[in-house]
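Subject: Structure handover

Hello,

I am passing this structure on to you. Please open it beside this email and follow along.

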Amino acid sequence: MKSKVFVMAAIVAAMMGSALPARAQVSPDKAEVLYYLPKTTIALEVEYEEVTYQQGPFYQYSERYLGTKNIVKENVTQCELKTVRINTKTEADENRSYTFTPSVMAGTNKFVLNAQGILEGFNIAYKEHKTKGDEKIKKEHPEKDFNILPLLEEQMMASSTAKMAEGAAKQIYHIREARMNLISGEVDKMPADGESMKLMLKQLQQEEDQLTALFVGKITRVKKSRIVLIEPEKKQDEVAFRFSKHYGVVDNNDLSGEPYYITIEGIKKVYATEAGKKKMGVSDIYYNVPGYATVICTDGEKTLAKKNIAIAQWGIAVPLAKDAMRAGAVVRFNPRTGALMGVQ
C-alpha cells in the first residue's frame with residue numbers, strides 16, 4: 001500500500017501516549033503510519049585473544065641470577081582464534097513497507113514502532129532494543145611497559161645494566177625471605193589479623209612479580225571480538241572472513257589471513273507477496289511468516305559453528321485478520337522476524 005502522508009517518529013510518539021518519552025500534537029485522522037517488515041543479516045561474532053610477548057630488559061641475566069631459561073626471548077604479538085558464534089542483525093526492509101490509518105482502526109489508540117520503523121504491536125509497552133553492528137566490541141588496553149619502580153635507588157644508580165640486574169635479583173631474594181619470615185612468624189611485629197596478613201603477602205607477591213618480569217618478560221592476553229556481517233543469500237563454502245595470527249580478523253582479500261568459510265542452506269525460502277490484501281475480513285496490518293536457513297562456519301575442515309536461524313526476508317507477508325484488531329486487543333509481533341507472536 002502506498003501512503004499519501006508518511007508519519008515519522010513524532011506521530012508515533014503522539015499515538016503511543018506514555019509509551020515513548022517524546023510527544024507531538026498531530027491529528028491522527030489526517031495521516032497514515034508507515035512501517036516496515038524486518039530484514040535479517042547474518043552476524044558472525046568472531047572472538048579471539050591477542051597475546052603479546054614482551055622481552056624483559058634483564059633477560060640476558062635470567063639464568064645467571066634466577067636460574068631459569070623459561071623466558072620471553074623476543075617481542076611479538078600473536079592472535080589466537082577462540083570461538084565463532086552465529087547471530088543475526090535486524091534492520092528495516094525498505095522493499096516491504098506498509099501503511100495503516102489509526103483513526104479508522106478500532107482499539108489502536110496505542111501502537112509501537114521501534115527505532116528502525118518496524119511494527120512491534122498494538123496496545124503494548126515500548127521497549128528499546130539494542131543490537132550489535134559491524135564494529136569491534138570495546139577492547140581493553142592493559143599497560144604493556146615494564147614498571148621499574150620496585151627497584152631501589154641503589155639499583156637505579158647502578159653504572160651498568162649488569163649491576164642493575166644484580167641489584168634487582170638481590171631485591172627479589174630479600175622479598176622471598178621477608179615472605180618466608182612472615183609466614184613462619186619470625187618477625188618483630190606480626191599483622192593484626194588474618195586480613196592484614198593476606199594483604200601484606202599480596203603486596204610482597206606483586207613486588208616480586210614486577211621484579212621477576214624484568215628478567216623473564218611479560219605475556220599479556222587481551223580478549224577481543226569482531227562482528228562480520230553477511231547477506232543471507234545461498235552460499236556454499238564461500239570465504240566469510242580471514243584470520244591473521246598477527247592482526248586478527250582481516251578483509252577477505254587480505255592474504256595474510258587464513259580463510260574461514262560459510263555455507264548457507266535454505267530450509268524454507270519463499271519471497272513476500274501482496275496476495276490477499278483486498279480479501280474480505282483482513283486488515284491493513286501485515287505480519288511476516290519468515291523463512292529459515294542452516295548456517296555453517298568452518299575452517300575448511302572442522303565445523304566451528306552451526307545454527308538454524310530465521311531469515312525474515314525469505315518469508316511471506318500476510319494480512320492480519322480484522323477480528324484480531326478488536327477494541328483493546330493486545331497484538332504482538334516479533335521485531336526480529338516480523339512473525340505474529342499473539343493476540344489477546
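Below is what was found in it, feature by feature.

One point before the details: this is a predicted model.

**The four-stranded sheet**

Start with the open sheet. Four strands form it, in the order 4-5-12-13, and they pair antiparallel. Which strands stand at the edges? They are strand 4 (111–113) and strand 13 (340–343). Each has a single partner strand, so one side of each is left without a neighbour in the sheet. From one strand to the next, the twist averages 10 degrees.

Now look at one pairing in that sheet. Strand 4 and strand 5 (residues 119–122) run antiparallel and are joined by three bridges. To find the register, go to V112: its bridge partner in strand 5 is G121. As background, strands of a sheet pair through backbone hydrogen bonds, either parallel or antiparallel.

**Two hairpins**

Next come two hairpins. Strand 7 (residues 235–244) pairs with strand 8 (residues 248–250) in the antiparallel sense, over three bridges. Three residues lie between these strands, and together strand 7 and strand 8 form a hairpin. S244 has G248 in strand 8 as its bridge partner.

Strand 10 forms a hairpin with strand 11, with four residues between them. Here 13 bridges pair strand 10 with strand 11 (residues 303–321), again in the antiparallel sense. In the turn, G300 has a positive phi of about 105 degrees. One bridge to look up is that of C297, whose partner in strand 11 is A305.

**Aromatic pairs**

How many aromatic pairs does the structure hold? It holds nine. A pair of aromatic rings is described by the distance of the centres and the angle of the planes. Two of the pairs share a residue, Y98.

Take Y35 and Y98. Their ring centres are 6.0 Å apart and their planes stand at 35 degrees, so this pair is tilted. The cut-offs explain the label: under 30 degrees would count as stacked, and over 60 as edge-to-face. Y35 sits in strand 2 (residues 32–54) and Y98 in strand 3 (residues 76–100). The two are 63 residues apart, and the pair links distant parts of the chain. Are these residues buried or exposed? Both Y35 and Y98 are buried.

Then take Y98 and Y286. This aromatic pair is stacked, with 4.4 Å from centre to centre and 15 degrees between the planes. Y98 lies in strand 3, while Y286 lies in strand 10 (residues 282–298), so the pair ties together parts that are 188 residues apart in sequence. Y286 is buried, as is Y98.

Zoom out from these pairs and you reach a cluster. Ring pairs link Y35, Y98, F100, F111, F122 and Y286 into it.

**Cysteines**

How many disulfides are there? The structure holds zero. For reference, a disulfide is a covalent bond between the sulfur atoms of two cysteines. Two cysteines are worth finding in the viewer. C79 has 7% relative accessibility, so C79 counts as buried. C297, the bridge partner of A305, is buried too, with a relative accessible area of 0%.

**A helix pair**

Now the helices. Helix 4 (residues 161–184) and helix 5 (residues 194–216) have axes that come within 10 Å and cross at roughly 160 degrees. Helix 4 is therefore roughly antiparallel to helix 5, and the cut-off for that label is over 145 degrees. The crossing of helix 4 and helix 5 is left-handed.

A162 belongs to helix 4. A162 is partly exposed, with a relative accessible area of 24%. What lies 101 residues from A162 in sequence? That is Y61, and the two are 7.6 Å apart in space, C-alpha to C-alpha.

**Two backbone angles**

Finally, check two residues with positive phi. N123 has a phi of about 60 degrees, although N123 is not a glycine. N123 lies in the loop between strand 5 and helix 3 (153–156). With 16% relative accessibility, N123 counts as buried.

D237 is not a glycine either, and its positive phi is about 55 degrees. D237 is placed in strand 7, a strand of the hairpin with strand 8. At 46% relative accessibility, D237 counts as partly exposed.

Best regards

Notes: Residues are numbered from 1 along each chain as its sequence is written. This is a predicted model: local features need pLDDT of at least 70, side-chain atom pairs count only at pLDDT 80 or more; totals for chains, interfaces and linings use all residues. Side-chain values use heavy atoms; hydrogens and water are left out. Two strands pair if DSSP finds at least two bridges between them. Axes are lines fitted to C-alpha atoms, for helices over the stretch in contact, and angles run from 0 to 180 degrees between N-to-C directions. Rings of Phe, Tyr and Trp (its six-membered ring) pair if their centres lie within 6.5 Å; planes under 30 degrees apart count as stacked, over 60 as edge-to-face and the rest as tilted. Buried means under 20% relative accessible area, exposed over 50%, partly exposed in between (1.4 Å probe, protein chains only). A disulfide is a pair of cysteine sulfur atoms within 2.5 Å. Angles under 35 degrees count as roughly parallel, over 145 as roughly antiparallel, 65 to 115 as roughly perpendicular and the rest as oblique. A crossing is left-handed if the near helix is turned anticlockwise from the far one by less than a right angle, and right-handed if clockwise.
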